[in-house]
Amino acid sequence: MNKLPNSLTFSQVQVNFILGHSLRSIYQDTLNSPLPEHLKTLVAQLEARFSS
């Protein structure tokens with residue numbers, strides 16, 4: 001079994017950064033879109049329920 005060289009190992013922080021950056025790049029349009037009305041209603045209901 002071949003082991004990867006140490007230069008290819010990543011820390012958990014590095015993996016989280018890379019994944020987060022990649023996902024943000026892929027879903028940037030979705031993140032910038034307005035929330036649909038039916039979801040706004042649901043969010044308002046959840047906020048009212050859990051805000052106390």
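This is a short walk through one small-group talk on a chain and its two helices.

Okay, so first, this is a predicted model, where local features need pLDDT of at least 70, side-chain atom pairs count only at pLDDT 80 or more, and totals for chains, interfaces and linings use all residues. Residues are numbered from 1 along each chain as its sequence is written, and side-chain values use heavy atoms, with hydrogens and water left out.

What do we have? Two helices and zero strands; helices are DSSP runs of H or I with at least four residues, strands are E runs of at least two, and both are numbered from the N terminus. Of the 52 residues, 0% count as buried, where buried means under 20% relative accessible area, exposed over 50%, and partly exposed in between, with a 1.4 Å probe and protein chains only. The chain's accessible surface is about 5,300 Å², and carbon and sulfur atoms hold 62% of that (Shrake-Rupley method, 1.4 Å probe; for residues, only the protein chains shown count as cover).

Now, helix 1. Its 21 residues reach 28 Å from first C-alpha to last, close to the 30 Å expected at 1.5 Å a residue; that expectation is 1.5 Å times one less than the number of residues. And where is the kink in helix 1 centred? On Ile26, at about 60°, taking the angle between axes fitted to the seven residues ending there and the seven starting there.

Just before helix 1 (12-32), look at the segment with Phe10. Phe10 is exposed, at 53% relative accessible area.

Over at the other end, Ser51 sits in the segment after helix 2 (37-50). Ser51 counts as exposed too, at 60% relative accessibility.
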